[in-house]
There are 2 protein chains.
Amino acid sequence: MKISELSTASGVAVPTIKYYLREGLLPAGERSSANQASYGEGHLQRLRLIRALLDTGGLPVATAREVLAAIDNPDLPLTWIFGVAQRAISDAGLYAPIAEPTSGLAKVDAFLEHSGWHVSPENPGRFGAARVIDSYEASGHPELAEIWDDYAAGSELIAQADLAMVGRNAEVESMSETVVVGTVLGDAMLSSLRRMAQEHFSSLLFPDPSERSAS
Amino acid sequence: MKISELSTASGVAVPTIKYYLREGLLPAGERSSANQASYGEGHLQRLRLIRALLDTGGLPVATAREVLAAIDNPDLPLTWIFGVAQRAISDAGLYAPIAEPTSGLAKVDAFLEHSGWHVSPENPGRFGAARVIDSYEASGHPELAEIWDDYAAGSELIAQADLAMVGRNAEVESMSETVVVGTVLGDAMLSSLRRMAQEHFSSLLFPDPSERSAS
DNA sequence: TCGCTATGGACAGTTTCGCTATCCGATAGT
DNA sequence: ACTATCGGATAGCGAAACTGTCCATAGCGA
């Protein structure tokens with residue numbers, strides 16, 4: 001397969017593929033001569049994975065490169081892959097370490113204490129959650145932090161499902177890829193499900209006769 | 001308060017405040033003369049809300065403008081505010097309507113059918129979830145769709161908490177603001193909680209003696 | 001009152017990101 | 001032999017979110 005065929009097969013424009021090659025997201029094809037390279041099924045698969053991470057997962061290109069490098073590294077244990085995937089989606093400033101203690105950080109740590117969750121201090125989620133709580137307070141809506149326990153209960157279910165997936169077929173070769181895709185796309189899935197569930201319960205709480213009264 | 005004082009009080013640079021004024025995120029100050037305007041406590045509060053939506057919620061400026069306009073409109077019923085907030089965080093292409101049926105869309109609809117969730121066809125979450133499932137499949141990891149039920153159960157808990165918050169104090173004046181902040185920042189909160197819960201259950205499943213063995 | 005500084009407003013410039021377009025010299029295929 | 005592609009390198013583009021520069025004017029201390 002040459003680059004133009006890879007392009008039509010994947011739906012990704014040729015210059016874009018060249019860009020991904022340059023950026024190291026996609027490994028180079030097998031060079032058959034000075035100006036000819038051939039790409040295989042693996043390249044097509046990789047390209048689809050790239051688009052999933054970028055389009056659906058919303059990762060920046062630079063981050064996708066790191067994640068893909070982690071997938072390609074066979075020496076990384078699976079538990080590390082989880083961490084790599086986490087750090088990847090936590091690239092943004094939201095999850096960056098917080099230097100000095102804030103009110104939100106204290107609340108997060110208090111929760112970790114009483115819930116018994118075993119979380120290291122540098123977990124990006126710890127900083128992200130702290131920042132969200134601080135934002136609740138800064139924007140004048142501290143009461144939003146009250147629903148923390150229900151959020152945590154939901155997250156627990158979800159994370160257990162995530163881990164169960166790993167535990168079930170930890171031997172599978174492509175497991176690290178599954179972990180990455182699951183972690184990266186999982187956030188998008190959750191947001192989508194929350195939107196739907198919100199509408200569902202909203203329609204129960206506030207039945208609106210003017211809209212979709214009969215199903 | 002003049003603009004420079006508003007700047008130091010909020011930590012937002014003066015040119016940035018001017019930018020927000022231009023973009024209509026922040027209402028103009030009260031003009032006292034041709035080159036003097038004074039800003040009040042409300043402006044400071046609004047600025048903090050803006051930063052929460054942009055920085056923590058990750059909204060683009062244009063979207064934040066729409067959300068803020070919805071908050072400012074006293075005629076919108078609370079149930080609509082929910083929809084506005086949802087559409088706001090669903091601005092990206094991920095949640096855009098899908099024209100022709102896809103495998104993912106069929107799976108989402110099948111779930112809605114058997115779960116009894118009452119969700120309108122144009123709910124952005126429906127398209128987002130469908131796209132994620134399609135990405136699972138395209139990237140070669142369709143097994144990830146298996147955890148759907150647990151994800152849905154978690155989302156249900158979370159959405160119920162969201163709605164309970166509204167039901168509890170629906171009379172409060174700033175409720176629409178609370179709904180928006182809660183919906184927009186809720187996604188960030190959830191992602192953070194998921195990161196922490198993942199680490200917690202990961203450490204249970206794969207105890208790693210080399211790392212934080214003693215708490 | 002004088003003069004310095006700050007102000008509000010308009011507008012142009014900057015940076016980053018993710019592509020996209022243009023060249024170029026070297027084949028591959030006919 | 002000749003022309004259409006190919007790969008590779010480099011430059012350019014457009015959106016987004018600021019940031020910097022100007023300028024006429026106004027506040028305010030000396």
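Hi everyone. Helices here are DSSP runs of at least four residues and strands are DSSP runs of at least two, numbered from the N terminus. With that in hand, let me start at the DNA. What I'm showing is a predicted model.

Helix H1 (3-10), helix H2 (14-23) and strand E2 (36-38) of chain A, along with helix H2 (14-23) of chain B, each bring at least two residues to the surface near DNA strand D. Which element brings the largest share of that surface? H2(B) does, with five residues. In all, 22 residues sit around DNA strand D, and those that come nearest are Ile3(A), Ser4(A), Arg31(A), Thr16(B) and Asn35(B). Of the strand D atoms that come within 4 Å of the protein, 70% are sugar and phosphate.

Let's look at some atom pairs on that strand. Thr16(B) puts a polar side-chain atom 2.9 Å from a phosphate oxygen of DNA strand D. For Ser33(B), the distance from a polar side-chain atom to a phosphate oxygen of the strand is 3.3 Å. Tyr20(B) has a side-chain N or O atom 3.4 Å from a phosphate oxygen there. By class, the surface near strand D splits into 10 nonpolar, seven polar and five charged residues.

Now over to DNA strand C. It is surrounded by 22 residues, the closest being Ser33(A), Asn35(A), Ile3(B), Ser4(B) and Arg31(B). Sugar or phosphate makes up 71% of the strand C atoms within 4 Å of the protein, and bases make up the rest. For those of you who like distances, a side-chain N or O atom of Ser4(B) is 2.4 Å from a phosphate oxygen of strand C. Tyr20(A) has a polar side-chain atom 3.3 Å from a phosphate oxygen of that strand. What does Asn35(B) reach on DNA strand C? Here the partner is a base oxygen, 3.4 Å from a polar side-chain atom of Asn35(B). The elements giving two or more residues to this surface are H2 of chain A, together with helix H1 (3-10), H2 and strand E2 (36-38) of chain B. H2(A) gives the most, with five residues. The classes near strand C are 10 nonpolar, seven polar and five charged.

So much for the DNA; how are the two protein chains related? A turn of 180° with a shift of 0.0 Å along the axis lays chain A on chain B with an RMSD of 0.1 Å. That makes the relation one of a two-fold axis. Within chain A, Gly154(A) has the C-alpha nearest the axis, 2.0 Å away. Both copies use the same surface, since 100% of the contact residues of chain A recur in chain B.

Last stop, the protein interface itself. Here 86 residues of chain A are in contact with 86 of chain B. The buried area is about 8200 Å², and carbon and sulfur atoms give 67% of it. His118(A), Arg195(A) and Met196(A) supply 9% of what chain A buries against chain B, more than any other three residues.

On the polar side, there are 41 residue pairs in polar contact across the interface, and the salt bridge count is eight. One salt bridge joins the side chains of Arg194(A) and Asp162(B), at 2.7 Å from N to O. Several helices of chain A give two or more residues to this side, including H3 (41-56), H8 (148-168) and H9 (175-205). H9(A) gives the most, with 25 residues. The chain A side divides into 41 nonpolar, 29 polar and 16 charged residues.

Thanks, everyone!

Terms used:
Residues numbered from 1 in each chain as written. Chains lettered and ligands numbered in written order. Predicted model: local features only at pLDDT ≥ 70, side-chain atom pairs only at ≥ 80, totals over all residues. Heavy atoms only, no water. Contact = heavy atoms within 4.5 Å. Buried area = accessible area lost by both parts, 1.4 Å probe. Salt bridge = Lys/Arg side-chain N within 4 Å of Asp/Glu carboxyl O. Polar contact = N/O pair within 3.5 Å; in protein donor to acceptor, adjacent residues only side chain to side chain. Nonpolar A, V, L, I, M, F, W, Y, C, P; charged D, E, K, R; others polar. Near = heavy atom within 4 Å. Least-squares fit on C-alpha atoms with pLDDT ≥ 70 in both.
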